[in-house]
Amino acid sequence: MLTRFFTVLYLALAFRLLPGGLAAKKDTKIGDRTIERAVQLRTHSIFPPYIDQDLQNRWWDFGGDAYINTNKHIRLTRPKSSQMGWLWSRLPLTSTNYVVEIEFKVSGESTHLFGDGLAVWLTTSRAEPGPVFGSIDKFEGLGIFLDTYANGRHPYGFPRIVGMLGNGSAAYDHDHDGEANSIGGCSANFRRTNVITKLKLTYVKDSYLDVKVHYRAWDDWSDCFRVEGISLPEAPYLGISALTGEVHDAHDVISVTSWSAVLSPTSQPRDKLSNGSIFSRNRGTEKSSGSWLGFFFKTFLFAGVCFGAFQGYKMYVVRNRRGGFGSNGFGGLGELGDRLGYNSGKRF
């Protein structure tokens, strides 16, 4: 029991000693500020079973060839030719800064001919079917294309992830797989993998867009591309679409999770810190030290109470089994005393 307790205590202390806990690893520097916390957006997140008792979702629409398996996924396209499906948020994403994480799956029987892929959208329009991975061309906003079929020859491999910032008039470069309009990209073998595949994009207004992909190993995020000084349309709709042509794959959305990113306060000039961060930081350190002492005291007090209660329970059980402490009289502890050696004259 004590071994288990101290193991749990060690893990608790290990997490406490990490600055900011595990979330500290996710802090992103923006000048003199960081993303210090995130608030999940229910309106732009979707998980199994995806739909309510009326076979609808309050915050999302789906259409085309898409269908829902409430236990597994939203399948945008079946592994058949000429399929097109989509999933779009009903409300625009009004957060200034945000993080969107999409768990998806691309699978199929073929090992050499497959396609076409799926796309993630942050655009001013929504739910308009078209030729660009199941959505319209000449869009306004951001498109991130997870392309599994190469239409031309390239020095890089496929599958490939490519980003494009549309202005409402520029057409997607279909013949060269978006190369003419690309703002960044990477090759990532996210098809038919045994690892959960995810795409995560982080956007801080007028500062940067960062795209990462998860496909190699558990909790192993790979950098895909990062664009500095980018501005996306305000209040875009979030969507995911997929398309198959003569070649095909199954394109599934497992979940979508969105957060509003809260930045740390802007640093104040040093001459205005008489009541500010320097002294506040010292007081925070003293408060932290005090809280640590209280934490240790409460922890060991709790351990002592638990240990005493456990020992008392053991003696209570033995007393009930033996009819009390008295087979050898009140001066001894009976069989329990013999076992522990307190009734043995050899101890004195």
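Author: Helices (H or I, at least four residues) and strands (E, at least two) are DSSP runs, numbered from the N terminus. This is a predicted model, in which local features need pLDDT of at least 70, side-chain atom pairs count only at pLDDT 80 or more, and totals for chains, interfaces and linings use all residues. Residues are numbered from 1 along each chain as its sequence is written, and side-chain values use heavy atoms, with hydrogens and water left out.

Reader: In which loop does Pro 49 lie?

Author: The peptide bond that leads from Pro 48 into Pro 49 is cis, with omega near 10 degrees. Most peptide bonds are trans. Pro 49 itself lies in the loop between β2 (33-40) and β3 (60-64).

Reader: What is omega for the peptide bond that joins Phe 158 and Pro 159?

Author: Pro 159 is in the loop between β9 (140-147) and β10 (160-167). The bond joining Phe 158 to Pro 159 is cis, and its omega is about 5 degrees.

Reader: Is Arg 192 buried or exposed, or in between, and what is its relative accessible area?

Author: Arg 192 sits in the loop between β11 (182-187) and β12 (197-204). Its phi is positive, near 50 degrees, in a residue other than glycine. Buried means under 20% relative accessible area and exposed over 50%, with partly exposed in between (1.4 Å probe, protein chains only). Arg 192 is therefore partly exposed, with a relative accessible area of 45%.

Reader: What is the phi of Asp 206?

Author: Asp 206 is found in the loop between β12 and β13 (208-214), and counts as partly exposed at 46% relative accessibility. Most residues other than glycine have a negative phi. Asp 206 is not a glycine, yet it has a positive phi of about 60 degrees.

Reader: Which cysteines form a disulfide?

Author: A disulfide is a pair of cysteine sulfur atoms within 2.5 Å. By this rule the count is one. With sulfur atoms 2.1 Å apart, the pair is Cys 186 and Cys 224.

Reader: Why is the disulfide of Cys 186 and Cys 224 left-handed?

Author: Cys 186 lies in strand β11 and Cys 224 in strand β14 (residues 221-228), so the disulfide ties together parts that are 38 residues apart in sequence. Cys 186 is buried at 11% relative accessibility, and Cys 224 is also buried, at 10%. The disulfide is left-handed because the torsion about the S-S bond is about -100 degrees.

Reader: Which residues have the most contacts inside the largest nonpolar core?

Author: A nonpolar core is a set of buried Ala, Val, Leu, Ile, Met, Phe, Trp, Tyr and Cys residues joined through side-chain atoms within 4.5 Å. The largest one has 44 residues, and those with the most contacts inside it are Ile 144, Leu 146, Ile 161, Leu 199, Leu 201 and Val 256.

Reader: Which strand gives the largest share of this core?

Author: The largest nonpolar core has 44 residues. Its largest share, five residues, comes from strand β7 (residues 98-107).

Reader: How many residues are in the second, separate core?

Author: This second core is separate from the largest one, and Met 84, Ala 119, Val 132 and Met 164 are among its residues. Its size is twelve residues.

Reader: Which residues does Ile 161 touch, not counting residues up to four places away in sequence?

Author: Contact means heavy atoms within 4.5 Å. With those sequence neighbours left out, Ile 161 touches both cysteines of the disulfide. The full list is Ile 144, Phe 145, Leu 146, Gly 184, Gly 185, Cys 186, Ala 188, Phe 190, Leu 199, Val 213 and Cys 224.

Reader: How many salt bridges does a search of the whole structure find?

Author: A salt bridge is a side-chain nitrogen of Lys or Arg within 4 Å of a carboxyl oxygen of Asp or Glu. Across the whole structure the search gives ten.

Reader: Asp 210 forms a salt bridge with which residue?

Author: Asp 210 is buried, with a relative accessible area of 9%, whereas its partner is partly exposed at 38%. The closest N and O atoms are 3.6 Å apart, and the partner is Arg 226.

Reader: How far apart in sequence are the parts that Asp 223 and Lys 212 tie together?

Author: The side chains of Asp 223 and Lys 212 meet in a salt bridge of 2.4 Å, N to O. Asp 223 is exposed at 59% relative accessibility, while Lys 212 is partly exposed at 22%. Asp 223 lies in strand β14 and Lys 212 in strand β13, so the separation of the tied parts is eleven residues.

Reader: Which residues do salt bridges that share partners join into one network?

Author: Arg 226 also meets Glu 228 in a salt bridge (2.8 Å, N to O), and Glu 228 is exposed at 55% relative accessible area. The one network joined through shared partners consists of Asp 210, Lys 212, Asp 223, Arg 226 and Glu 228.
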